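Q: Please look closely at one part of this protein, its buried interior. I would like to know what it is built from and how it relates to the rest of the chain.

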Amino acid sequence: MTTQQPIDQQAPAGRPVRVMVVDDHPMWRDAVSRDLAEAGLDVVATAGDGEEAVRRARACSPQVVVLDLNLPGLPGAEVCRQVVAHDPTVRVLVLSASGEHADVLEAVKSGATGYLVKSAGREELLDAVRRTAVGDAVFTPGLAGLVLGEFRRLAAEPPAPAAPVVPQLTARETEVLRMVAKGLSYKQIADRLVLSHRTVQNHVQNTLGKLQLHNRVELVRYAIEQGLDDEI
């Protein structure tokens with residue numbers, strides 16, 4: 001993962017980021033929850049199995065779910081799918097012992113916006129949660145390229161018939177979208193365009209609304225399908 005300056009751990013309204021931790025190992029779950037709480041984030045719930053995770057996520061509405069894939073009951077990918085389907089604003093950061101490509105791609109296709117392996121250090125995890133909360137797609141080094149490569153492969157497949165007309169984006173929205181497709185963080189985009197972090201977020205949110213997409217991962221896939229990642 002590229003080293004970046006840590007972003008503000010607070011939510012846009014000035015409140016701590018609301019996080020839920022899902023893992024079937026109590027000691028690991030407690031350790032992650034403790035690290036997040038000590039760093040000032042608000043751990044609103046924990047869960048030890050898939051069905052419990054879905055119920056609690058719906059009840060407490062976290063901003064970020066830190067999710068293990070290997071869970072009893074519902075597997076992590078299905079938990080992710082159900083949580084995001086119920087509330088598309090929830091962002092899921094997978095924290096798994098597995099770095100297998102199939103697991104990574106399944107998690108992303110289920111709606112996860114980031115994927116970190118459990119060998120990551122404490123500060124790397126905290127930074128990943130904070131960045132996930134503001135919309136960045138965060139991956140363990142090497143996995144981001146895998147996901148982008150899969151999106152490019154899917155984009156090369158024959159298009160579905162009768163594609164709907166896409167609303168017109170402004171020049172600035174298109175410019176930001178090209179940089180998102182290149183994998184730049186919001187901070188990097190803001191620095192390049194001499195804009196504030198909040199302005200970049202607003203452009204991304206407006207673009208998501210116009211394109212009827214739910215998160216940054218879907219936005220990256222759309223941009224690659226449109227060939228925007230080759231235009232910088």
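A: The answer below starts with the whole chain, then turns to the interior and ends with some loop positions.

This is a predicted model, in which local features need pLDDT of at least 70 and side-chain atom pairs count only at pLDDT 80 or more, while totals for chains, interfaces and linings use all residues. Residues are numbered from 1 along each chain as its sequence is written, and side-chain values use heavy atoms, with hydrogens and water left out.

The secondary structure consists of 10 helices and six strands, taken as DSSP runs numbered from the N terminus (helices are H or I with at least four residues, strands are E with at least two). Of the 232 residues, 49% are buried, where buried means under 20% relative accessible area, exposed over 50%, and partly exposed in between, with a 1.4 Å probe and protein chains only. The protein has an accessible surface of about 11,200 Å², and carbon and sulfur atoms account for 51% of that surface; the areas come from the Shrake-Rupley method with a 1.4 Å probe, and for residues only the protein chains shown count as cover. When contacts (heavy atoms within 4.5 Å) between residues at least 6 apart in sequence are taken, 67% of them join residues at least 24 apart.

The largest nonpolar core holds 29 residues, and those touching the most other members are Met20, Val22, Val65, Leu67, Val79, Val92 and Tyr115. Two or more residues of this core come from each of β1 (18-22), β2 (42-47), α2 (50-60), β3 (64-67), α3 (76-86), β4 (91-96), α4 (101-109) and β5. Such a core is a set of buried Ala, Val, Leu, Ile, Met, Phe, Trp, Tyr and Cys residues joined through side-chain atoms within 4.5 Å. Apart from it lies another core, of 21 residues, which includes Val180, Tyr186, Ile189 and Leu228.

Leaving aside residues up to four places away in sequence, the contacts of Tyr115 include Leu93, Val94, Val104, Ala107, Val138, Phe139 and Leu143. Leu116 belongs to strand β5 (residues 114-117), and Leu116 counts as buried because its relative accessibility is 0%. Between the C-alpha atoms of Leu116 and Val104, which are 12 residues apart along the chain, the separation is 9.3 Å.

The interior also contains one cavity of 30 Å³ or more, with about 30 Å³ of space in the largest cavity. A cavity is a set of points on a 1 Å grid over the protein atoms alone where a 1.4 Å probe fits but cannot get out, and its lining residues have an atom within 4 Å of a point; grid points are joined across faces, edges and corners, and the volume is the space filled by probe spheres set on the points. The lining is made of Val21, Val22, Asp23, Trp28, Val32, Val66, Leu67, Asp68, Leu95 and Lys118, with at least two residues supplied by each of β1, α1 (26-38) and β3. By class, this lining has seven nonpolar, no polar and three charged residues, where Ala, Val, Leu, Ile, Met, Phe, Trp, Tyr, Cys and Pro count as nonpolar, Asp, Glu, Lys and Arg as charged, and the others, Gly among them, as polar.

In helix α7 (residues 171-181), the buried residues are Glu173, Thr174, Val176, Leu177, Met179, Val180 and Ala181. Val194, in the loop between α8 (186-193) and α9 (197-211), counts as exposed because its relative accessibility is 72%.

How values were computed: On a 1 Å grid over the protein atoms alone, a cavity is a set of points where a 1.4 Å probe fits but cannot get out, and a pocket is an open set with protein on both sides within 12 Å along at least five of seven lines; lining residues have an atom within 4 Å of a point.
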